[in-house]
Amino acid sequence: MSAIDYDLKNIKAVAFDVDGVLSPSTIPLTVDGEPMRMVNIKDGYAIQLAVKRGLKMAIITGGNTVAVRVRFAGLGIEDIYLGSAQKLPVLEEWMRKHGLCREQVAYVGDDIPDLPALRYAGLSCCPYDAAAEVRQVSHYISRFTGGYGVGRDILEQILKAQNLWMNDDTAFGW
């Protein structure tokens, strides 16, 4: 049984913010001022499995670093939108591109710039440590903080609801 109060069988696509969702909110900087990000390996496993299982996946982030593109492309995500100051127009365009309606889309964000996209998506989710305004509009608040398993938590519940979690031998590899 899922902790998410939504018909997860309807979800065909998931869009993630990065900073504060798939990486912790605190970001170290190089001496040149370049932001560095940590990522969660269990999130990575769930993302690549969701891609293999046919869920459409997107990264929509205000950040703009090569490392983010390389990490998530390496997990099989093709739709990676960096430098997205306004996330809702990007989300809408991505949905049109894939012929998705709102009820088929989950959006995961953590802060004020994510609010329009969270309000638009059929299923809005956030980490435990999201901004208060985000928590107020989210259908599901993960028990995990950003960067520490939020992606895995949400994707595992979706895949289990669709009987796509560990349903064949391909689940046991990368």
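This report describes the sheet, the helix packing, the nonpolar cores and a few individual residues of a predicted model.

**The sheet**

Six strands form an open sheet in the order S3-S2-S1-S4-S5-S6, and their pairing is parallel. Strand S3 (79-81) and strand S6 (140-141) are the edge strands, each of them pairing on one side only. In general, the strands of a sheet pair through backbone hydrogen bonds, in either a parallel or an antiparallel sense. The two pairings made by S5 are set out below, each with a pair of residues that stand opposite one another.

| Strand pair | Sense | Bridges | Residues opposite |
|---|---|---|---|
| S4 and S5 | parallel | three | Tyr107 and Ser124 |
| S5 and S6 | parallel | two | Cys126 and Ile141 |

What can be said of the two faces of S5? Both are covered, since Leu123 and Cys125 on one side are buried, and Ser124 and Cys126 on the other side are buried as well. As a general rule, side chains in a regular strand alternate between the two faces of the sheet.

**Helix H6 and its partner H1**

Helix H6 (residues 150-161) lies across S1, S2, S4, S5 and S6, and runs at about 170° to S1. The axis of H6 also comes within 7 Å of the axis of helix H1 (residues 41-52), the two crossing at roughly 35°, and this crossing is left-handed. On the H1 side the contact is made by Lys42, Asp43, Tyr45, Ala46, Ile47, Leu49 and Ala50, while H6 contributes Val150, Gly151, Arg152, Leu155 and Leu159. Sorted by class, the contact between H1 and H6 consists of eight nonpolar residues, one polar residue and three charged residues.

**The nonpolar cores**

The largest nonpolar core has 35 residues, of which Val14, Phe16, Met57, Phe72 and Leu155 touch the most other members. Two or more residues are given to this core by each of strand S1 (13-16), H1, strand S2 (56-60), helix H2 (66-74), strand S4 (105-108), strand S5 (123-126) and H6. Leu155 thus appears both among these most connected core members and among the H6 residues that make the contact with H1. Which residues does Phe72 touch, when those up to four places away in sequence are not counted? They are Val18, Leu22, Val39, Ile47, Ile59, Ile77 and Ile80, and Ile47 is also one of the H1 residues in the contact with H6. A second core, separate from the largest one, comprises 19 residues, including Leu91, Trp94, Leu100 and Leu118.

**The segment after H6**

Asn163, Met166 and Ala171 are all placed in the segment after H6. Most residues other than glycine have a negative phi. Asn163, which is not a glycine, nevertheless has a positive phi near 55°, and Met166, likewise not a glycine, has a positive phi of about 50°.

Is Ala171 buried or exposed? Ala171 has a relative accessibility of 3% and therefore counts as buried, the cut-off being under 20%. Asn163, by contrast, has a relative accessible area of 58% and is therefore exposed, as the cut-off for that class is over 50%.

Leaving aside residues up to four places away in sequence, Ala171 touches Tyr45, Leu49, Arg53 and Met166. Of these neighbours, Tyr45 and Leu49 also take part in the contact of H1 with H6, and Met166 is the residue with the positive phi of about 50°. The C-alpha atoms of Ala171 and Leu55 are separated by 14 Å, the two residues being 116 residues apart along the chain.

Note on methods: Residues are numbered from 1 along each chain as its sequence is written. This is a predicted model: local features need pLDDT of at least 70, side-chain atom pairs count only at pLDDT 80 or more; totals for chains, interfaces and linings use all residues. Side-chain values use heavy atoms; hydrogens and water are left out. Axes are lines fitted to C-alpha atoms, for helices over the stretch in contact, and angles run from 0 to 180 degrees between N-to-C directions. Helices (H or I, at least four residues) and strands (E, at least two) are DSSP runs, numbered from the N terminus. A crossing is left-handed if the near helix is turned anticlockwise from the far one by less than a right angle, and right-handed if clockwise. Contact means heavy atoms within 4.5 Å. Ala, Val, Leu, Ile, Met, Phe, Trp, Tyr, Cys and Pro count as nonpolar, Asp, Glu, Lys and Arg as charged, and the others, Gly among them, as polar. Buried means under 20% relative accessible area, exposed over 50%, partly exposed in between (1.4 Å probe, protein chains only). A nonpolar core is a set of buried Ala, Val, Leu, Ile, Met, Phe, Trp, Tyr and Cys residues joined through side-chain atoms within 4.5 Å. Two strands pair if DSSP finds at least two bridges between them.
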